[in-house]
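Here is a short set of questions and answers for a reader who is new to this structure. Look through the sequence and the model before reading on.

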Amino acid sequence: MSNNKKRKRAPGFFHSQSISVISIAMVLFLMGVVAVMWLIGGDLKNHVRESVNFTILLSPESDPGEITAMKRALEREPFVKELEYYSKEQAMVELQKELGENPEEFLGWNPLSPTFEVYVEADYIANEDSIAIVEEALSGYPMTESLSFKHDLVSELNENISKLTIILLVLAALLLLISIVLINNTIRLLIYSKRFTIYTMRLVGATPSFIRRPFVRYNVWSGVVAAMIAMAFLAWGWWYVLDHYPLMRTLLTLDHALTVGAVVLLLGVVISWMSASWAVTRYLRMNVNKLYRV
């Protein structure tokens, strides 16, 4: 008779265990997506900032040797990420493509000036103070005839990046709170079915740590399994995005994948451990009458 009862209970308990793991996996998957968005957002804002450049206009009669010396000096500047030089001839070729004719043919000379396009590190575009430092350094070169930079564009860019950062922070905080609540409720419901077992163990003299240990151990392993399931879905999504959107390959790197996997696994273990501990402690403090009413 008792064996038949155990067989009847086992499927129900196994079913509740499965639902618990799947529920935790879904929540961890969402947290993984937020982690990916956060990592991509950081690299994306740096990429956008570094695409803004300073244009140094040189004198049309600049000496090639002096231009080479200036190029070497610019490459040694700590704020320079990338440097491109356009000679008078290259500038004329580009202008000819735009106009459809060569202005040099009817002018009889090349009026254009050689230029440097300076792309600086993202940190130097983050605020007006650092931009001013870069402008002062570039304007200090003797061969600099004029310096141009899109201040309005950068100000708007930095403002939008700040707004996006705040939105991502709020979203991450809300999802983390929701994740903790959902995982905590899922584990509490699972331990709820064992509340009388906890009470019986307490009656026979088992210590709280002894009673708590198997529940915590089991739910931590459930959190690990749920994290593995979440990481499997994240890996599939990762592969799908890289396969269909090749441009994302510069943003979705192996380091990011390892970071997201570590975050998902850590959240699965920590939240499961804390939730199981809280749930068992709650039932340890209840008297038998209250156990019937909860």
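Q: Does threonine 144 count as buried or exposed?

A: This is a predicted model, in which local features need pLDDT of at least 70 and side-chain atom pairs count only at pLDDT 80 or more, while totals for chains, interfaces and linings use all residues. Residues are numbered from 1 along each chain as its sequence is written, and side-chain values use heavy atoms, with hydrogens and water left out. Buried means under 20% relative accessible area, exposed over 50%, and partly exposed in between (1.4 Å probe, protein chains only). Threonine 144 has 16% relative accessibility, so it counts as buried.

Q: In which strand does threonine 144 lie?

A: Strands are DSSP runs of E with at least two residues, and helices are runs of H or I with at least four, both numbered from the N terminus. Contact means heavy atoms within 4.5 Å, and threonine 144 touches Ile56, Leu57, Leu58, Met70, Leu138 and Ser139, not counting residues up to four places away in sequence. The strand that holds threonine 144 is β4.

Q: Which strands stand at the edges of the open sheet, and why is one side of each left without a neighbour?

A: Two strands pair if DSSP finds at least two bridges between them. The open sheet has four strands in the order β2-β3-β1-β4, with antiparallel pairing. Each edge strand has a single partner, so one side of it has no neighbour in the sheet; these strands are β2 (80-86) and β4 (144-148).

Q: Which residue in β4 stands opposite threonine 55?

A: Strand β1 covers residues 53-58, and four bridges join it to β4, with the two running antiparallel. Opposite threonine 55 in β4 is serine 148.

Q: Is leucine 252 buried or exposed?

A: Leucine 252 sits in the loop between α8 (208-244) and α9 (254-284). Leaving aside neighbours within four places in sequence, its contacts are Val36, Ile40, Trp238, Val241 and Leu242. Tryptophan 238 is 14 residues away in sequence and 7.9 Å away in space, C-alpha to C-alpha. At 9% relative accessibility, leucine 252 counts as buried.

Q: What is the relative accessible area of leucine 266?

A: Leucine 266 is found in helix α9. Leucine 266 is exposed, and its relative accessible area is 55%.
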